Every structure is written in structure tokens, then in C-alpha cells.
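Trainee: I am new to this structure and should like to learn how each descriptive term is justified. Please show it to me, and then let me ask.

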There are 2 protein chains.
Amino acid sequence: MRLAVVGAGSWGSAVAWLLGNNGHQVCIWARDAELVSVLNREGKNPRYLSEVQMPPSVKGNAELAQALDGAEAVVLATPSVAARQTGVALAAFIGKDSARPALPLLLLSKGIEHESGKLLLDVLAEELGAPERLAVLSGPNHAEEVARGLLSATVVAARSPEVAALFQTALSNANFRVYTAADTTGVQLCGAAKNVIAIAAGVAAGLGLGDNSAAMLMTRGLAEISRLAVALGGEQQTCMGLAGMGDLIVTCTSHFSRNRSFGEELARGGTLEAYMQRTHMVVEGAVACRSLPLLAQGAGIEMPISEHVRAVVWEGREVQAMLASLLERPAKPEFY
Amino acid sequence: MRLAVVGAGSWGSAVAWLLGNNGHQVCIWARDAELVSVLNREGKNPRYLSEVQMPPSVKGNAELAQALDGAEAVVLATPSVAARQTGVALAAFIGKDSARPALPLLLLSKGIEHESGKLLLDVLAEELGAPERLAVLSGPNHAEEVARGLLSATVVAARSPEVAALFQTALSNANFRVYTAADTTGVQLCGAAKNVIAIAAGVAAGLGLGDNSAAMLMTRGLAEISRLAVALGGEQQTCMGLAGMGDLIVTCTSHFSRNRSFGEELARGGTLEAYMQRTHMVVEGAVACRSLPLLAQGAGIEMPISEHVRAVVWEGREVQAMLASLLERPAKPEFY
């Protein structure tokens with residue numbers, strides 16, 4: 001099968017590597033012509049996962065039209081803030097008025113559009129039409145491990161079982177297990193919201209609070225994510241799965257997680273601005289924590305951890321004050 | 001309030017410390033008169049958490065009748081294999097035909113009675129009667145951290161909201177958050193079954209499989225625990241909570257976890273016998289993995305991870321063969 005991977009960050013590159021090793025023809029689109037040129041010459045992405053050797057079936061192209069040429073499916077791996085802009089750019093080639101209005105598309109990005117509070121598949125559906133050909137992938141999948149061939153599992157969710165099965169088949173191999181689901185809302189919301197909890201877990205680790213409190217934060221974090229997912233039409237069960245609990249655990253515990261390491265820096269008195277200047281990385285959780293409390297408010301539910309993370313990141317609240325205020329909440333029956 | 005804590009292992013000692021610091025009068029019962037004598041002389045348990053200084057309100061007694069004298073509630077912290085035997089011993093003092101047939105009792109032990117496949121509160125109810133006064137506590141609570149005053153949260157489940165509230169009030173403080181629940185079956189089953197998954201997580205860590213696969217094992221592990229909990233009358237939601245996901249995470253990831261470290265030893269070719277000889281510790285997961293597959297079979301559900309752990313621990317199956325066989329299972333829709 002021939003696939004286009006739009007976006008050449010860590011995760012896009014790892015998925016391109018995976019698809020190429022599964023025997024597919026892959027063209028990665030990247031804006032940066034120099035990156036594409038190195039990729040095509042040396043088989044390595046010079047900026048992300050730069051140690052990973054791509055199979056010969058993976059090529060790069062800086063022209064979107066050419067990258068999409070002949071593709072039987074598209075994988076979208078741009079940063080979440082670029083989702084609408086990417087949708088607009090893709091519309092000419094695979095939008096509802098284009099020659100390929102039903103081309104299957106798999107979204108890898110995780111986030112919420114800040115301006116609208118919309119999940120990214122909804123943003124893409126607005127720009128591209130034909131929402132039934134859209135799918136989303138999420139799970140405990142650090143790119144660094146997947147691209148080393150280490151065992152991982154993930155979820156592909158789509159309205160259409162056929163679209164889910166298409167991407168399941170393309171991506172699966174002995175070391176990458178792909179489960180299918182229909183709950184695109186739950187999968188997306190978990191993917192966006194876990195980054196916020198990972199910031200809180202990083203704060204707790206930075207304060208030396210220990211393993212018990214880390215597990216408490218993950219569990220209570222998933223409880224609030226789950227409340228929102230259900231309020232928005234998702235399924236609680238999804239939150240218990242690989243895209244929910246699984247991804248949350250890996251994001252909160254792994255030393256690969258930039259959201260967690262940003263939280264640790266907050267505990268040492270750091271700021272978002274300083275962290276981004278130093279690392280040149282987007283902290284997805286810092287973006288998402290602005291949208292989530294608004295969505296929660298709209299749905300009439302409580303997300304205390306996310307709200308406190310927002311206050312620390314965006315209003316300069318002290319982490320100690322955040323912790324004290326969280327702990328002042330009475331312990332109720334566990335689920336309410 | 002005056003409480004008796006029956007059992008002076010790590011967790012019993014930590015809970016006694018907690019209750020004592022919350023202003024309660026606590027008497028710890030231990031069979032070992034020498035341990036009791038050191039505890040009363042120096043305020044320290046010489047065998048478990050031996051660095052922890054007990055408050056003066058915590059005393060020890062090697063006579064069960066004296067330890068229970070005047071107690072308004074009992075906390076049970078003996079190893080899970082001793083549950084029935086402890087129930088029999090307690091019956092004379094707090095059983096249905098005794099002078100205190102309704103004394104509230106909080107169970108800290110986690111396990112399944114191997115011979116009968118029964119949960120421990122059911123075993124206690126058989127020996128003591130009055131099941132409505134029984135409660136169980138479970139959550140992500142490594143004793144070492146709780147007894148250092150580090151932040152933790154837990155669940156107390158009881159049929160009776162009053163009994164749950166009594167223990168919630170006795171145990172709660174700023175650093176130990178106690179949530180209540182009614183699902184004693186789910187809380188107990190999660191507590192017993194997570195130790196088996198922790199062995200699997202230790203095996204995976206020992207084989208160098210990485211963070212993604214650890215999260216996968218925890219998530220798929222909770223999925224199979226959840227199937228059994230629901231089949232036995234528990235609630236899926238409990239499995240998402242502190243006694244389910246929370247405790248599973250801490251047991252699978254923490255370096256304090258003996259079930260996990262036993263799994264790591266299995267990956268290096270070790271055996272249960274050798275591990276127990278070396279550490280003098282009961283590996284609760286090795287006990288539970290004999291009962292769980294039987295319960296699952298009886299309920300007509302699949303628990304592939306637990307079944308594979310059982311085969312490795314009790315039938316000397318190679319860990320590599322276990323892994324290969326698990327990975328041969330087709331990836332289905334995520335929940336079935």
C-alpha cells in the first residue's frame with residue numbers, strides 16, 4: 001500500500017519507519033526541503049529520531065501535492081496547533097471537492113483547538129468533509145521505543161470499522177499491536193488531556209512526593225478526564241484502555257515525556273517561557289490546559305487537577321499553593 | 001478512639017503509625033513476644049519499617065484478648081494466607097456469638113483463599129458473622145511512603161456507609177486521603193489480582209521491553225481484572241479507581257514492589273523457591289495467580305496475562321515462550 005505521512009516530527013517519523021518496515025511505500029511530507037534532502041540521501045531524519053535508519057521504501061518530499069500523489073491513505077502527524085491549517089492545505093487534494101474526497105486519513109496529533117474547543121477530527125471534518133473516512137491513533141507509544149522495534153500496543157478509532165481495519169492492518173506487526181475502537185471522542189480527549197496530568201505528575205515528582213502520590217494523581221486525573229469524555233459523548237471504557245490509562249501512565253512516568261519534565265521544572269520554579277526557550281519543544285499539555293477547564297465548565301463537570309495546572313502555567317500560581325488547594329478538597333465517595 | 005491492629009508487618013505497622021498520629025489509641029497484636037517487647041520499649045518495630053518511630057499512643061501486645069480489650073474497631077493486617085485462621089482466632093472475641101458481635105473490622109490484606117477461591121471478606125464473614133460491619137482498604141499505598149508521611153490516597157469499601165465513614169474518619173489526615181465506596185468485591189479483587197500483573201510487569205522490565213510495553217501490560221492487565229470483577233458482581237468503575245488502576249500502577253512501577261522484583265528475577269531465570277529463600281518474603285502474586293485463572297474459568301472469561309504468569313511461576317514455563325504466546329493472540333476490538 002502507498003501512504004503519505006504529513007509531518008516529520010518524532011512520531012510521524014516513527015510511524016513512517018513502522019509502515020516502511022511493514023512493506024508499504026511511504027512518502028513523508030515536511031516543509032523543510034533540507035530535512036527532506038538529507039532524509040532521501042541518508043535515510044535518516046536529521047532533526048528527530050536522527051539515529052533511526054529508514055527502510056528504502058520511505059522517502060521524503062517537500063511538496064504536499066507530490067507527497068500525496070498516488071497515496072491510498074494519509075497519516076497526519078503535524079503539531080496539534082497546526083491541525084486546521086493542515087486541513088486547509090490538504091483540502092485541495094483530498095477535500096470534499098477534490099478528486100479524492102474519501103481518502104482514508106489517520107490522525108496522530110493529540111490536542112484540542114484552543115479557539116473553538118473542538119477535537120481535531122472535528123476540525124479536520126470541517127475542512128475536509130467525509131468524516132467517516134477519518135481515524136485517530138493513540139496509545140502508550142513513545143516514538144523512541146516504537147522506532148527501536150520495542151513492543152507496543154495502540155488503539156485506532158474510527159466511525160467506520162472498515163477504516164479502522166485498514167489502518168490496523170497497515171500498522172500491525174509482531175511488536176506493534178493495534179486494537180480497534182469506535183469511540184473517536186474518548187480516544188482524542190484522553191490523548192489531549194493526559195498531557196495536562198503529566199505536568200501535574202512532573203510537579204509532584206519535582207516536589208519529591210513519591211510513588212503513591214504519582215499513582216494517586218494519575219488515577220484521579222483519569223477520573224476527571226473520564227467525566228469530561230462521558231459528558232462530551234465518549235465512553236468511560238475508552239478511558240480505561242490503551243488510549244486512556246495506557247497513554248496516561250507512559251506520559252506520566254517515562255523519562256521521555258516532555259510534559260512531565262516541564263512539570264518537574266515548574267516545581268523548581270521554572271516557567272513555560274523559559275522551558276520552551278531552552279528546549280525548542282511544544283509542551284502540548286500547556287496548550288491543552290487552557291482549553292480543558294473551559295470545556296469542563298461548559299459541560300458542568302469538575303476537573304480540579306487540570307484547573308490547578310492551568311493556574312500554575314498561565315497565571316503564575318505557586319506549585320505549593322496549588323498542592324495545598326488540591327488537598328483542601330474533601331475526599332468524597334470515589335466516583336460522583 | 002481505641003483500635004486494635006492485628007498483625008505487625010509493614011502495612012499493619014504503617015497503619016498503626018498513621019492512626020496513632022491521628023490521635024487514636026492503638027494496640028498492635030503480634031505473635032512474636034520479642035517484637036512486642038522491643039516495640040513497647042523503643043517505639044519501633046524491629047522487623048518491619050524498623051526506622052519508623054511510633055507515637056506513644058501505639059503499643060504492642062502478644063495476647064490477642066488483651067490487644068482487643070476495649071477496642072472500638074479492629075484493623076486486620078495478617079498475610080492473606082492466614083485470613084481464615086485469623087478469623088477463627090478472632091471469633092471468640094468479636095464473632096457472632098461473642099460479646100462484641102458487631103465490632104467494625106477493616107481488612108488490609110489482599111488476596112484470594114486458594115482452597116475455596118473466596119475473597120477474604122467472605123472468609124471473615126463465614127468465621128465472624130455480621131458482614132455489614134466489615135470493610136476493606138486498598139489503594140496505591142506503599143507502607144514505606146505512608147509511614148514517612150508522604151501524600152497518599154486510598155479507598156475504604158464497605159456494605160455499610162456508616163462503617164466506611166467510621167474508618168474514613170479514623171484514617172484521614174492532610175497527607176492520607178481516604179475515599180469511600182460500596183463495591184467490596186471490586187476493591188478486593190483488584191487488590192489480589194494486581195500482584196499477578198506486577199509479576200508480568202517485572203518480567204517485561206527484566207527482558208528490557210521498555211515503557212510502552214509496561215503501560216500496555218498494566219492496561220491489558222486491568223482489562224482482564226475488570227472482566228473478572230464484573231463477572232463476580234463488582235463494578236468496572238472500581239477498577240478505574242485508586243484500588244484498581246492506582247494500586248496497579250504503584251505495584252507495577254515502584255522499586256518497593258516485591259511482586260515486580262520477583263518478576264524481574266523470573267526474567268533472569270530465577271524461581272519462586274529461590275526468591276523466597278533469599279528474601280523470606282511472601283510473594284502474594286505467586287499465590288493469587290493460582291486462584292485467578294480458576295475463578296476466570298468458572299466465570300467463563302479470559303485472563304491471558306494471569307494464566308501465563310501462572311504457567312511461568314508454577315509450571316516452569318520459559319518467560320520467552322510466555323511472551324511469544326501472549327503476542328500470538330490476535331488484537332481484537334479493545335474491549336470485548
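Mentor: Let us begin with one facing pair: B:Leu105 stands opposite B:Leu134 in β8(B). This is a predicted model, in which local features need pLDDT of at least 70, side-chain atom pairs count only at pLDDT 80 or more, and totals for chains, interfaces and linings use all residues. Residues are numbered from 1 along each chain as its sequence is written, chains are lettered from A and ligands numbered from 1 in the order in which they are written, and side-chain values use heavy atoms, with hydrogens and water left out.

Trainee: What makes β5 and β8 of chain B a pair?

Mentor: Strands pair if DSSP finds at least two bridges between them; strands themselves are DSSP runs (E, at least two residues), and helices are runs of H or I of at least four, numbered from the N terminus. Strand β5 (residues 105–107) and strand β8 (residues 134–138) of chain B have three bridges in the parallel sense, so the requirement of at least two is met.

Trainee: In what order do the strands of the chain B sheet lie, and why do some count as edge strands?

Mentor: The eight strands of this open sheet, with mixed pairing, follow the order β3-β2-β1-β4-β5-β8-β9-β10 (chain B). Each of β3 (58–61) and β10 (176–181) of chain B has a single partner strand, so one side of each lacks a neighbour in the sheet. The average twist from one strand to the next is 25°, where angles run from 0 to 180 degrees between N-to-C directions, on axes fitted to C-alpha atoms (for helices, over the stretch in contact).

Trainee: How many bridges join β8 and β9 of chain A, and in which sense?

Mentor: Four bridges join them, in the antiparallel sense. Within this pairing, A:Val136 stands opposite A:Ala157 in β9(A).

Trainee: What makes α2 of chain A a helix that lies across strands, and which strands are they?

Mentor: Helix α2 (residues 33–42) of chain A lies across β2 (25–29) and β3 of chain A, running at about 155° to β3(A). Contact here means heavy atoms within 4.5 Å. Helix α7 (residues 161–171) of chain A also packs on the sheet, where β1, β4 and β10 of chain A are among the strands touched, and its direction makes about 175° with that of β10(A).

Trainee: How many residues of chain A and of chain B meet, and how much area do the two chains bury?

Mentor: By the same contact rule, 54 residues of chain A touch 54 residues of chain B. The two chains bury about 4,500 Å² between them, 63% of it on carbon and sulfur atoms; buried area is the accessible area (1.4 Å probe) that two parts lose on being put together, summed over both. A:Leu151, A:Asn212 and A:Met240 supply 17% of what chain A buries against chain B, more than any other three residues.

Trainee: What makes A:Glu113 and A:Arg84 a salt bridge?

Mentor: A salt bridge needs a side-chain nitrogen of Lys or Arg within 4 Å of a carboxyl oxygen of Asp or Glu. The N to O distance of this pair is 2.7 Å, so the rule is satisfied. Since A:Glu113 lies in strand β6 (residues 112–113) and A:Arg84 in helix α4 (residues 83–94) of chain A, the pair ties together parts that are 29 residues apart in sequence. Over all chains the count is 26 salt bridges, while between chain A and chain B it is zero.
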